[in-house]
Structures are given as C-alpha cells and as structure tokens.
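Here are my notes on this one, written as numbered points. Keep the viewer open and look for each piece as you read.

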Amino acid sequence: MASIAPASETKCLLKLVVNDRKLSVVAPPVQRLSRVLREQLGLTGTKVGCDAGDCGACTVLLDGEAVCACLVAVGQVENHAITTIEGLKSRPPLFDRLQDAFLRHGAAQCGACTPGMLVSATALLEHNSSPSESEVTDALGGVLCRCTGYRKIITAVLDAAVLNTGPESAEPSCPTAGASVGQRLVRLDGKPKVEGTEIYGADEIPAGALALRVVRCPYHRAKFRFGDLEAFVAAHPGVEAILTSKDVPGEDCYGVIASFADQPIFAHEEARHRGEAVAAIVGEAQAIEELDTATFPASWEELPLLRTIDEALAPGARLIHAHRPENVLTRGRVARGNVEQALAEADAVVEGEFETGFVEHACIEPEAGFARRVGDQIEIQACTQSPYMDRADIAKLLGIAVEAVRIIPTAVGGGFGTKLDLSVQPFSHLPRGVCGGRCVWFIHASSPSWPRPSAIPHACAAAPGQPRTANCLRLISPPISTPAPIRLGGLRLRRAFRCMLPDRMRSRTTGH
Ligand code: FES
Ligand code: FES
C-alpha cells in the first residue's frame, strides 16, 4: 500500500501496540490514527467514512474502550493497546459469536459500518455480558448504518450476548436444497464483511500510484478562466499535470440515463453548479496532499443563479444547458382511470403543494478507485453499482471501443442509486496520456459522498374520499440521479393527503 502521510508536519518515530503487536511507525504525531492504521499498517478493516467523528466507521478499541480513530492523534496513543477488527479474531469465543450472529441476522449488508459495529459491540459485551436493548442501542449509537435500519444489528448483538453465556455458538447455516423458499440465507459475501477483509474503493492504493485532486467551482454558477497552468505545475515539484476539458478525447458527456446525460467531466468556461469540476491536478501523492488549491490559477465571474424551480421555468430564464429549451430535461405523462369523474364524485377533495428537502444518499463509503493500463486495456477499479454502464460511458468519454475498457468493481459501501453514476472513474483514467501511463488513484475529498443535486418535487393533487383516493399529480424535479419523484408519488404523498382531509374522512380513505 502506498503511504500518503503529509510531510509538512514533523515526523517522529512512534511506538505503537496494535492488535497485541509492538511496532514502530514514522508519522507526524498529529496524524489521524485511522490513516496510520490504514495507510501505513494496511489495516483497512478500519473504515473511514466521514473523517470527522460523525459516522463511527473508524471505531477501534483503545485500551478496551471504543473510540473513533479519525479523531485520535497517533502521537497520543503511544504504548496504549489499539485493537482493530483484524485483531478481534484473537478474542474468541465472543468475536466468533458476534460474527455468526451478524451473519445469521443479516446485520452486515453493504458492510461499510460492520467493522465499527463489531468493535463497538465487543467493547460493550466485554464489559457487560448481558446488556439490555437500550444498553446495546447506547453502545452502538456512535456508529451509523445506512442499510439495515439498526434492528438486525441490535438483534444480532443481543443474540450474541445470550450465546455468550452458554458454551456453544449458533453457526450460521443455509437451508438444505429443496427447503429453501422462505428461509433465511446467509449472504454469500457476508464472511469478508464480518472479518473486515472486504475490499472497498478506498482500500487499495497500488504502490507508486499518482494521486489526483479536483479543482471545483466555489460558486453556484460562474464563468471562469485559467491563468498560467504550466507555471503552476513548474512551481510545484511533484505535480505532473493539470487536466481540463481540453484533455477529454471523446464525447465529454455522461450520465446514468444515456438520453438525459448532460454532465461533462470538466466544465468548459462556465460551471453550472457549486462543486462542478473545472480541472484536476495530478502528481505524486505527497505533493498532492500538501497542495494549497487556493493558489490555483483560476479567476471566477459569479453569475446570477437559478435557485428555485419557478425561477428556472420562468419565461426568459437563462438556460442551464443550451440544448434544453425552457430548462426542461424531459416531460412525461402517465394516465390511468378517469380522474375528473373520480374527483367530481368524491366526498372530499384536498389540494396541496409539497416540497421535499435536499437529499444526500450519505453512503458510509467514500467514492474512490484507481485506473491503470493493463495490456491493451484501461482497467478501472472503483466502487460502482453498474460496471457495464461505467464501461460504456468511459469508452465514450475516451473515444475508444468498449472492449478496451475493463471495470473491476470493488464492494460497494452503500450505493442507494448514487453509485450508478460515474464518480471518480472519469478523473482517474484521464491522466494516463500525460503521466507516462502511471496508475492514478483518486478519492473524493468530500467523503462520504459527492453531494448530488437533490429532489425538490412540487406536487399539486386532489384526493377524494371513499372508496378510493384518486390523485391528480404534477411533479417537477431538478435533473437528479435519484428516483425521488417516484417515491414521492407513493406512501409519503398519501400520508400528506390524509393529514389534510377532514377528520371524518380519514378512516375512509385508501391510497392508490
Ligand atoms: S467517525 Fe471516523 S470516519 Fe467517520
Ligand atoms: S450495512 Fe451498515 S452501512 Fe451498510
């Protein structure tokens, strides 16, 4: 594994005790323990989701107590006992029972939170062999899970606690052939998730890989010009190249639904949303780590922005994309039944307008990966939910045949649709031509996930009373990668309408 520890702080020789092994590392004392564990010691079972003490994915034991390794400076833990998930296997039978219970109850789904959960549960059960449910909830409260809804995890820990007082562990098992329908299955990929050996996008950095930092627009909308990029490269030893839209050899447009695609890798002269990539800086990992992008030679002219759907749809509104008249991406109509008749015959009609808040998928795993040339192919290893769609988009962006692209998907630490889209992939493959074909590694700095434009659907509807609710619905949504409008049309909308009905009607309505 490559180390990308910053050199700007003074490095020291530090003595650590990790998983019962005494060892030394050279690192700045202020370096996060999580980085030392992952990048210097290769203990990637300790995950990093937020790097800010919020998600708990990085939980390790420090002298038997659960702590967030991203909040602990490595200089503070010299000669203290640090235990990661890799070290828990030396604590049977408790850890075996926890692992088995997680597998039996389906408590490890994407698995990104699982090491943090197992470490926290171990800390609890080593102090309290028979905790109540609320004690389990408290002990796990610092670790976020986006997949399970927590019930399966809490049940698994309680189950492991019960077994912990008995002599035997209940081994997870699969139903026998012929008796499988309706039976619980143990996930095929469950074992590496409960062992902390699963490989996610950020868990492999090939030795010697170059790193990449994206320069993003700080405004919601702005024109921009670059200054002397060559001088910037020359002034920063270790920086190899700067990439812009001019370096995209193929059709610079991608998106999860081909006919709606409108995202370039880099904005060209005008950025249309805050955070849109305008350039990428590629270089040696340490140089990229230490770079101050505030000195990047770009000047910005902030433009009036469109903040609401109404502003974007107003006559004469500035176009977000020149090829999308009226700022409308697509129109569609779904008709079923006779809505007018249903409304006319209804006992009550309710109308309302609703807006959802901004949505962030909040995957625990950051988007990360690397690209390299292998033979005649470009090989991209990254977290993705859709390797074949990635392959087609990358081939289009590069202007090469799909057969020349190979996508190696890692485990996905929470996707929820957001990892259907390309994220790190377009950036990491581009520098090949300008960096002597060296492997390039990239992780989105804004972990856990690059925020997407989120849904602000607007609905107008009417709902009559019994026997069935009829909905006449108009939904308007920004172009997004989430099917939020579809979700809004379901349960949430029916609930909203029910709240607006007169009391006498509420028990008589059903949603359809
Ligand atoms: S709490 Fe440490 S990575 Fe989130
Ligand atoms: S299983 Fe917990 S975040 Fe996915």
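1. Start with strands E13 (residues 368-374) and E16 (residues 440-443), which pair in the antiparallel sense over 4 bridges. To find the spot, look for Gly-369, which stands opposite Phe-442 in E16. Bear in mind as you look that this is a predicted model.

2. Now zoom out to the sheet. It is an open one of 7 strands, in the order E8-E10-E6-E16-E13-E14-E15, and its pairing is mixed. At the edges you'll see E8 (239-243) and E15 (405-409), each pairing on one side only. From one strand to the next, the twist averages 25°. Helix H11 (residues 387-398) packs on this sheet, where it touches E14 (377-382) and E15. The direction of H11 makes about 145° with that of E15. If the word "pairing" is new to you, strands of a sheet pair through backbone hydrogen bonds, either parallel or antiparallel.

3. There is also an open sheet of 3 strands, ordered E9-E7-E11, and here the pairing is antiparallel. Which strands stand at its edges? They are E9 (270-271) and E11 (298-302); each has a single partner strand, so one side of each is left without a neighbour in the sheet. E7 (residues 222-226) pairs with E11 in the antiparallel sense over 5 bridges. One pair to click on is Arg-225 and its bridge partner in E11, Ser-299.

4. Next, the helices. H2 (94-104) is mostly covered, with 9 of its 11 residues buried. Among them are Phe-95, Leu-98, Phe-102 and Leu-103, but Arg-97, Asp-100 and Arg-104 are on the buried list too. When you scan along this stretch, remember that an α-helix has 3.6 residues a turn, so residues three or four places apart point the same way.

5. How do H2 and H3 meet? Their axes come within 10 Å and cross at roughly 130°. The two helices are therefore oblique to each other, and the crossing is right-handed. On the H2 side, the contact is made by Leu-94, Phe-95, Leu-98 and Phe-102. H3 brings Thr-114, Leu-118, Ala-121, Thr-122, Leu-125 and Glu-126. Sorted by class, that contact has 7 nonpolar, 2 polar and 1 charged residues.

6. Thr-122 deserves a click of its own. Is this residue of helix H3 buried or exposed? Thr-122 counts as buried because it has 24 C-beta neighbours inside 10 Å, and 20 is enough for that label. Leaving out residues up to four places away in sequence, Thr-122 touches Leu-88, Arg-91, Leu-94, Phe-95 and Leu-98. Its C-alpha atom is separated by 8.9 Å from that of Gly-64, although the two residues are 58 apart along the chain.

7. Finish in the loop between H2 and H3 (114-127), where you'll find His-105. With 22 C-beta neighbours inside 10 Å, His-105 counts as buried. Not counting residues up to four places away in sequence, His-105 touches Lys-152, Thr-155, Ala-156 and Asp-159. The C-alpha atoms of His-105 and Val-186 are separated by 8.2 Å, with their positions 81 residues apart along the chain. Also just after H2, Gly-106 takes a positive phi of about 65°.

Terms used:
Residues numbered from 1 in each chain as written. Chains lettered and ligands numbered in written order. Predicted model: local features only at pLDDT ≥ 70, side-chain atom pairs only at ≥ 80, totals over all residues. Buried ≥ 20, exposed ≤ 12 C-beta atoms within 10 Å, placed from the backbone. Contact = placed C-beta atoms within 7 Å. Pairing = 2+ DSSP bridges. Axes fitted to C-alpha atoms, helices over the stretch in contact; angles between N-to-C directions. Parallel < 35°, antiparallel > 145°, perpendicular 65-115°, else oblique. Left-handed = near helix turned anticlockwise from the far one by under 90°. Nonpolar A, V, L, I, M, F, W, Y, C, P; charged D, E, K, R; others polar.
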